[in-house]
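Biologist: Got a minute to walk me through this one? I'd like to go over the strands, the core and the domains.

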Amino acid sequence: MWPFWNRKRPVGPAIQPKMYVRKKQRISLKVVLGVALMPISLGYCLLDAPRFYNDLKHKLSPSTQRVEFLEKFGYPIKGWTDDIEDKGKNISILAEVIHREQMERPFSLNSIRIRPESIMLQGAIEKGNLLVKEQNGGTYTKSTDNIMLSHNFGWSVAHHEIAHDKIADILKERPGLLEEYAKIGVDKEGKSLYLTSDERDIFWSRWRDKSTIEHKLDPELCYELGFVSSYARTKPEEDLAEVCAYAKVNPDSFIALLDPNKGHKKVKSKIAFAIDAGLLSKRYMEYVALKNVYNQSFPGKNSIDSRKAQVFMQMSERYLASGEDEYAGHIHSFRAMVTKLLHPHDYNLRYTELLKVLDVPFKQMTVYQSAMRGLAETCSKAGATKRASVFREASILHEKRWKAGDVNLSYDGVNDFLVEKGILKK
Ligand SMILES: [Zn+2]
């Protein structure tokens with residue numbers, strides 16, 4: 001260092017000019033890199049601008065739905081007005097899925113984003129991806145702990161992406177989880193049944209010829225090999241997330257696993273693995289067994305097998321006595337249906353059972369709605385017309401809240417309205 005007023009460089013040993021040259025080279029490299037990267041940075045900013053400004057707008061002035069979502073779950077829902085405020089159903093589906101998943105195993109995220117249909121409104125990375133990759137229904141990004149869902153997502157995709165987040169959490173304590181899981185997906189010679197990394201690249205590529213992997217993704221073949229979907233065959237982590245989503249959305253498809261001589265052994269092992277890892281309820285197979293007996297109670301439309309129905313009533317009573325979980329609403333509604341056919345004129349019995357559906361901790365939209373319709377019908381048949389019309393009003397209100405994106409619907413339903421009308425106690 002030398003004083004600033006002495007502009008003349010000190011005359012020093014021969015090493016001085018050498019150091020000066022080296023410093024000059026460093027600056028030049030930075031300049032060159034900066035100039036080279038400038039068009040890329042500028043391009044990225046331009047491509048990302050619509051999303052950036054949309055995020056900023058909603059951060060500075062969030063709607064009631066966004067504020068309620070953030071307050072309820074602790075992370076924001078991001079996206080365009082068309083997919084959030086104008087499509088409240090998206091918030092309702094997400095809130096229901098998050099509620100159910102939290103009951104099984106708590107998890108947290110940084111944000112959930114709904115990807116718009118228009119490419120122009122998507123972020124720079126999504127736009128870039130679209131040039132080379134196939135569009136997906138949803139993604140979970142581990143490094144940022146974010147979930148992105150397509151504008152027309154459903155329950156299954158939301159469960160699938162949350163499963164990824166939970167898998168990432170479990171991996172912190174059990175790093176070998178996916179290697180252990182991959183051992184189920186092997187053939188008799190111990191060779192992996194999953195796609196190779198090159199085949200996976202072909203699967204995702206927009207431009208590579210897919211005919212070479214088509215035969216591997218045939219749905220029937222995939223099922224024979226123990227995959228719940230063709231997509232599950234892409235890699236072990238996707239397989240595990242698919243198993244969790246399918247199990248939650250369609251338990252009936254796992255009934256065959258109850259029979260030791262039927263059902264796919266690999267699927268059975270995969271479900272057992274997911275339960276053991278804490279990705280599915282410990283009581284999942286107990287619920288599937290219950291659903292099986294319930295289905296068997298109805299050999300034909302409007303006909304009932306009384307013996308099977310009695311077995312179902314006893315089994316379900318035992319199930320519910322151990323605690324009301326995410327399946328309690330379904331179970332009470334099945335009990336109400338059995339009661340209706342076993343005792344068609346005992347309106348009180350059916351009314352009491354249906355009322356229990358409104359009081360379970362997880363009030364799934366379809367189950368709660370159908371219970372209210374059943375209550376209106378039962379009251380109407382019993383001659384309680386005033387009460388029947390309250391349930392019809394409650395059903396309309398429930399639908400309205402669902403469409404508006406009420407984050408509390410699966411927690412509270414419209415029980416506040418029914419308390420106000422004197423039907424439910426506080
Ligand atoms: Zn996935």
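**Strands first, then the rest**

Modeller: Sure. Strand 3 (residues 138-141) and strand 4 run antiparallel, joined by four bridges. Keep in mind that this is a predicted model.

Biologist: Which residue stands opposite Asn146 in strand 4?

Modeller: That's Thr141.

Biologist: And what's going on in the hairpin of strand 3 and strand 4?

Modeller: There are four residues between the strands, and Asp145 takes a positive phi near 60° there.

Biologist: In what sense do strand 2 and strand 4 pair, parallel or antiparallel?

Modeller: Parallel: strand 2 (residues 111-115) pairs with strand 4 (residues 146-150) over five bridges. As one example of who faces whom, Ile114 stands opposite Leu149 in strand 4.

Biologist: OK, switching to the core. How many residues are in the largest nonpolar core?

Modeller: It has 75 residues, and Leu94, Cys244 and Ala247 have the most contacts inside it. Helix 16 (residues 365-382) gives the largest share of this core, with eight residues.

Biologist: What is Ala247 in contact with, leaving aside its neighbours within four places in sequence?

Modeller: Phe254, Ile271, Ala274, Leu280 and Tyr284. Ala247 is also one of the buried residues of helix 10, as is Cys244.

Biologist: How many residues of helix 10 are buried?

Modeller: 12 of its 14, so call it mostly covered. The buried set isn't just nonpolar side chains by name: Glu238, Asp239, Glu242 and Lys248 are among them.

Biologist: What covers the buried residues of helix 10?

Modeller: The cover includes helix 5 (155-173), helix 6 (177-182), helix 11 (265-276) and helix 12 (284-296).

Biologist: Does its length add up, I mean, what should helix 10 span?

Modeller: With 14 residues at 1.5 Å a residue, helix 10 (residues 236-249) should span 20 Å, and its end C-alpha atoms are 20 Å apart, so the two agree.

Biologist: New topic. Is His345 buried or exposed?

Modeller: Exposed, because only 9 other C-beta atoms lie within 10 Å and the cut-off for exposed is 12 or fewer. His345 is in the loop between helix 14 (328-342) and helix 15 (347-357). Its C-alpha is 9.1 Å from that of Lys381, with the two residues 36 apart in sequence.

Biologist: Last one: what are the domains?

Modeller: The domain assignment gives domain 1 (35-164), domain 2 (174-282) and domain 3 (284-426). The C-alpha centres of domain 2 and domain 3 are 34 Å apart.

Biologist: How many residues of domain 2 are in contact with domain 3?

Modeller: Nine, meeting eight residues of domain 3. By class, that side of domain 2 has seven nonpolar, one polar and one charged residues.

Note on methods:
Residues numbered from 1 in each chain as written. Predicted model: local features only at pLDDT ≥ 70, side-chain atom pairs only at ≥ 80, totals over all residues. Core = buried A, V, L, I, M, F, W, Y, C linked by C-beta atoms within 7 Å. Buried ≥ 20, exposed ≤ 12 C-beta atoms within 10 Å, placed from the backbone. Helix = DSSP H or I, 4+ residues; strand = E, 2+ residues; numbered from the N terminus. Contact = placed C-beta atoms within 7 Å. Expected span 1.5 Å × (residues − 1). Domains from an automatic or database assignment. Nonpolar A, V, L, I, M, F, W, Y, C, P; charged D, E, K, R; others polar. Pairing = 2+ DSSP bridges.
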